[in-house]
Amino acid sequence: MNDSARQATRIDDIQGRLDPWLLAVVLALSSLGLVMVGSSSISQHPDPFHYLTRHLVFLAGGLVLAVWATRIELRTVERYNQLMLLACFVLLLLVFVPGLGVSVKGAHRWINVGVSNFQVVEAVKVLFIIWLASYLVRFRDEVNATWIAMLKPLVVVAALVGLLLLQPDFGSSSLLLAITAGLLVLGGVNMPRMFLPVLIGLPALAFIAVLEPYRMRRLTSFMDPWADPFNSGYQLTNALMAAGRGEWLGVGLGSSIQKLSYLPEAHTDFILAVIAEELGFVGVCAIIALYAVLVGRAFWIGLQCVEMRRHFSAYLAFGIALWIGLQSFVSIGVNLGLLPTKGLTLPLISSGGSSVLMTCAAMGLLLRVSYELERAKRQMARLRGDAAREDVHAETASIAGGRPHHVAGPTSASAPNCPAAAPAFARKRADSGRGTSRLQQRIEPTLGGMA
């Protein structure tokens, strides 16, 4: 075995590490969610432990998915991005298949998988983020430079939104649009060019929002829920009473009054109102802080991946961060009366099998991103160390042989994040994750900068 082969073997043997901050905050949110689902659902079913047992089962399934996701190489995930986009459309169409699709209160959002109903949009969120991350890697130069490359993901998400509005699901539609816009900005899209789709899209969303009478009632009741507290404003007024009753430290775990058949969906969409009542202002602030750490850490990992030129990993981390950040913001805002009522769960806390399963899978992917990032850092450190030792050995041999031999010292090119300082083998590994752009000149992501 030659030196290059031995070096490659040593590098490939290096392992990464799951980010401890991410792991800790995910475990904290999941544990808190388990406790609060048990507390808030105790009066929602004849069996007081029905929803708690159900949540435990789905949480165990989510743990299996998360562990599985942490063990898959991201290059394998990226390889099947086109199939994942196809799966998004197939899943959204399956809800309309007679005998397979399930209708609840007039909404066609679920499919029957035997043991339970599955809300397909939760899987679509993960699959679409993977496809969009791969697209931005393959066409990140064109996204910045051409109209067609920028509009393609917008056309795709518009088609998905059209299927979602047929269910109907306006909340998830808005969330997918926001994630797409955020990732395009982080991917370096030309900002002046992005203004036109935004100027067209916002009025269209506003028109769709007021087109249906029930959506209009939600908007008007949000402005003044006390005008009709026993009809259109019922959910919000009870949520506000729960939050006000909690004051600073809450009434105590398990002592909520609003969850006793007063507050609808107390263990799903309005679980934060129960938390506010039982744990008070301090408890709500703690939950917001946990989400801030989770989203902030995901963005930080994504930025580190950009520096290491691991662009698919970066966009995947950005997409998951946008998803969790926006959905938790909307859910918290709805519970506190800051936003109109939307049927979005609180990630990792609310009860809901589909949401729990797919959020855990997304957390597994995010942890995998952190693992491969740490592995890449250790591999680059080993390569630089090997290169430095080779230079020292060459200089020593030159001096011992009596021959003058100049060895270039460290320069600006040998900075920690510059692959040019590593041997050709290292540069090959660093460049392996780059896109397949047709343009000659590379354009690195500007993270929303003006081009």
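User: Which element gives the most to the nonpolar patch on the surface of this predicted model?

Analyst: In this predicted model, helix α8 gives the most to the nonpolar patch, with three residues. The patch itself is formed on the surface by Trp147, Leu151, Val155, Leu196 and Ile200, which together have about 470 Å² of accessible area. Two elements, α8 (147–166) and α10 (191–211), each give two or more residues to the patch.

User: Why do residues three or four places apart in a helix point the same way?

Analyst: The general idea is that an α-helix has 3.6 residues a turn, so residues three or four places apart point the same way. In this structure, the patch includes Trp147, Leu151 and Val155, and Val155 lies in helix α8. Val155 is exposed, with a relative accessible area of 55%.

User: Which residues of α8 are buried, and what covers them?

Analyst: In α8 the buried residues are Ala149, Met150, Pro153, Leu154, Val156, Val157, Leu160, Val161, Leu163 and Leu164. What covers these buried residues of α8 includes α5 (81–94), α6 (120–138), α7 (140–145), α9 (170–186) and α10, and α10 also gives residues to the nonpolar patch.

User: How is the span of α8 to be read?

Analyst: One compares the distance between the end C-alpha atoms with the span expected at 1.5 Å a residue. For the 20 residues of α8 that expected span is 28 Å, and the end C-alpha atoms are 28 Å apart, which agrees. For α12, with 13 residues, the reach from the first C-alpha to the last is 19 Å, close to the 18 Å expected.

User: What else can be said of α12, including its buried residues and what comes just after the helix?

Analyst: The buried residues of α12 are Leu236, Thr237, Asn238, Ala239, Ala242 and Gly246, and what covers them includes α11 (213–223), α13 and α14. Just after α12, Glu247 takes a positive phi of about 50°.

User: How many salt bridges are there, and which parts does the pair of Glu73 and Arg368 tie together?

Analyst: A salt bridge is counted here when a side-chain nitrogen of Lys or Arg comes within 4 Å of a carboxyl oxygen of Asp or Glu, and by this rule the count comes to ten. Glu73 forms one with Arg368, the closest N and O atoms being 2.9 Å apart. Because Glu73 lies in the loop between α3 (50–70) and α4 (74–79) and Arg368 in helix α15 (residues 353–400), the pair ties together parts that are 295 residues apart in sequence. Arg368 is buried, with a relative accessible area of 5%.

User: How far apart in sequence are the parts that Glu278 and Lys259 tie together, and is each of these residues buried or exposed?

Analyst: The side chains of Glu278 and Lys259 meet in a salt bridge of 3.0 Å, N to O. Glu278 lies in helix α13 (residues 271–307) and Lys259 in the loop between α12 (234–246) and α13, so this pair ties together parts that are 19 residues apart in sequence. Glu278 is buried, with a relative accessible area of 1%, and Lys259 is buried as well, at 2%.

User: What separates Glu374 and Arg378 in helix α15?

Analyst: Glu374 forms a salt bridge with Arg378, with the closest N and O atoms 3.3 Å apart. Being four residues apart in helix α15, Glu374 and Arg378 are separated by about one helical turn. Glu374 is partly exposed, with a relative accessible area of 21%, and Arg378 is also partly exposed, at 36%. Elsewhere, salt bridges that share partners join Glu73, Arg75, Arg310, Arg368, Glu372 and Arg375 into one network.

User: Which side chain of opposite charge is nearest to Lys342, and what is Lys342 in contact with?

Analyst: A charged residue can be read by its burial together with its nearest opposite charge. Lys342, in the loop between α14 (311–335) and α15, is buried yet has no salt bridge, the nearest side chain of opposite charge being Asp169, 6.9 Å away. Leaving aside neighbours within four places in sequence, Lys342 is in contact with Phe170, Gly171, Arg218, Val330 and Val334.

User: What do the totals for the chain come to?

Analyst: The chain has 16 helices and three strands, and buried residues make up 47% of its 451 residues. Among contacts with a separation of 6 or more, residues 24 or more positions apart account for 74%. The chain exposes about 21200 Å², of which carbon and sulfur atoms supply 66%.

Note on methods
Residues numbered from 1 in each chain as written. Predicted model: local features only at pLDDT ≥ 70, side-chain atom pairs only at ≥ 80, totals over all residues. Heavy atoms only, no water. Patch = residues over 30% accessible without salt bridge, like charges linked within 9 Å, V, L, I, M, F, W, Y side chains within 5 Å. Areas by Shrake-Rupley, 256 points an atom, 1.4 Å probe, with all protein chains shown as cover. Buried < 20%, exposed > 50% of the residue type's maximum accessible area, 1.4 Å probe, protein only. Lys, Arg positive; Asp, Glu negative; His and termini not counted. Contact = heavy atoms within 4.5 Å. Expected span 1.5 Å × (residues − 1).
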